[in-house]
Amino acid sequence: MDYIAIIELVKKASAFVFDEELRTNIDMKGSADFVTAVDLKISTFVREELKKLTPEIGFMSEEEKNILTPKRWILDPIDGTTNLVYDYNMSSVSLAYFDGEKIDFGVIYNPYNDDLFVAKAGEGAYLNGKKLGMAPDRELKNCIIEFGAGSTKKQYTEESFAIAKEVFSNCLDIRRICSSALAIAYVAAGKLNGYFERSIKPWDYAAATLMLHECGCMCSDWNGTPIQYDEASSYVCGTPKAYALLTQVINKHHK
Ligand code: LIP
């Protein structure tokens, strides 16, 4: 597989975020659930280019009707679409290759700050070409934790904020950047120490989950079950101490 070509494809596709006509062409998929012409353009562009590069591999995207082939690309054309709509400059393109058993390769690119995260199973994770070591397992009082509350899933508000409140009182601080792909990659890179969200989709977490594994972090769904890539899932991850705190607090509040 030509990994350099795949990385260049993701970077090239991300340039559509700067097309104001596409960015301001907005539709609603549901309550608080935006889709812009940028999301649709990137999804079509990447699908067509991947078909030329790897015709034997299937394709799964947030903005497409998906057939779950064993070997597939998993794309979030814009992770952080609400941030894009509000011109908040915190969104990314996330692409992962699922080989039928595991995520074997992943790329996440933030076009606003040129941050490029790349990982290959068994060969490590990289940020802007620099190899990421094991994420520092900070003491809880020094941990910064990100959580997603999902503006499209307000039914989980009480539970998510009860967990966040207890976590906040046991760590240094909380963050909410609302792009789960970037948040999970930040955990792998040691910029954050943990992350949790009640319900996200495989395209939100696939590429970043490989980066976690390559940087010695732990992750699972809220019941401790290994992450899968077929359907939506609860998600919790972190360095060992942070992950232990998050799973303990989640078990207390999540019935
Ligand atoms: C978003 C996730 C975020 C979650 C939002 C949404 P999208 O993905 O990154 O963590 O809270 O509900 O799922 O829709 O911007 O690709």
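In this predicted model, the protein contains 8 helices and 14 strands. Its radius of gyration is 17 Å, close to the 18 Å that the globule rule gives for 255 residues, so the protein is as compact as a globular protein of that length. Measured out along its principal axes, the C-alpha trace spans about 50 × 40 × 30 Å.

## The protein as a whole

Of the 255 residues in the protein, 56% are buried. Among the contacts between residues at least 6 apart in sequence, 62% join residues that are at least 24 apart. The accessible surface of the protein comes to about 11300 Å², and carbon and sulfur atoms account for 53% of that surface. As for charge, the protein carries 28 positive and 36 negative side chains, and the centres of these two sets lie 3 Å apart.

## Aromatic pairs

The structure holds 13 aromatic pairs. One of them is formed by Trp73 and Tyr97, a tilted pair with 5.4 Å from centre to centre and 50° between the planes. This pair links distant parts of the chain, with Trp73 in strand β4 (residues 72-79) and Tyr97 in strand β5 (residues 92-98), 24 residues apart. Trp73 and Tyr97 are both buried.

Another pair is formed by Tyr205 and Tyr229, which is also tilted, with 5.9 Å between the centres and 50° between the planes. Tyr205 lies in helix α7 (residues 202-214), whereas Tyr229 lies in the loop between β13 (218-220) and β14 (233-238), so the pair ties together parts that are 24 residues apart in sequence. Tyr205 and Tyr229 are both buried, and they belong to one aromatic cluster together with Phe98, Tyr195 and Tyr235.

## Helix α6 and the loop after it

How many of the 9 residues of α6 are buried? The count is 9 of 9, so this helix is largely enclosed by the rest of the structure. Its buried residues include Ser180, Leu182, Ile184, Tyr186 and Val187. In general, an α-helix has 3.6 residues a turn, so residues three or four places apart point the same way.

Ala189 is found in the loop between α6 (180-188) and β12 (194-200). With a relative accessibility of 22%, Ala189 counts as partly exposed, because the partly exposed class lies between the buried limit of 20% and the exposed limit of 50%. Apart from its neighbours within four places in sequence, Ala189 is in contact with Phe117 and Leu132. Ala189 and Trp203 are 14 residues apart in sequence, and their C-alpha atoms are 20 Å apart in space. Gly190, which follows α6, has a positive phi near 80°.

The strand β12 contains Ser199, which counts as buried at 15% relative accessibility. Leaving aside neighbours within four places in sequence, Ser199 is in contact with Lys153, Tyr156, Ala232, Ser233 and Ser234.

## Positive phi angles outside glycine

Most residues other than glycine have a negative phi. Against this background, two residues of the model can be described side by side.

| Residue | Phi | Place | Relative accessible area |
|---|---|---|---|
| Asp87 | about 55° | loop between α4 (81-85) and β5 | 45% |
| Cys178 | near 60° | loop between β11 (173-175) and α6 | 39% |

Asp87 has a positive phi although it is not a glycine, and Cys178 likewise has a positive value in a residue other than glycine. Are these loop residues buried, exposed or partly exposed? Asp87 is partly exposed, and Cys178 is partly exposed as well.

## Leu40 in helix α3

Leu40 has its place in helix α3 (residues 37-53), where it is partly exposed with a relative accessible area of 42%. Which residues does Leu40 touch, once its neighbours within four places in sequence are left aside? Leu40 is in contact with Val35 and Glu63. Leu40 and Leu22 are 18 residues apart along the chain, and their C-alpha atoms are separated by 9.3 Å.

How values were computed:
Residues numbered from 1 in each chain as written. Predicted model: local features only at pLDDT ≥ 70, side-chain atom pairs only at ≥ 80, totals over all residues. Heavy atoms only, no water. Helix = DSSP H or I, 4+ residues; strand = E, 2+ residues; numbered from the N terminus. Rg over C-alpha atoms; globule rule 2.2 N^0.38 Å. Buried < 20%, exposed > 50% of the residue type's maximum accessible area, 1.4 Å probe, protein only. Contact = heavy atoms within 4.5 Å. Areas by Shrake-Rupley, 256 points an atom, 1.4 Å probe, with all protein chains shown as cover. Lys, Arg positive; Asp, Glu negative; His and termini not counted. Charge placed at Lys NZ, Arg CZ, Asp CG, Glu CD. Phe/Tyr/Trp six-rings, centres within 6.5 Å; stacked < 30°, edge-to-face > 60°.
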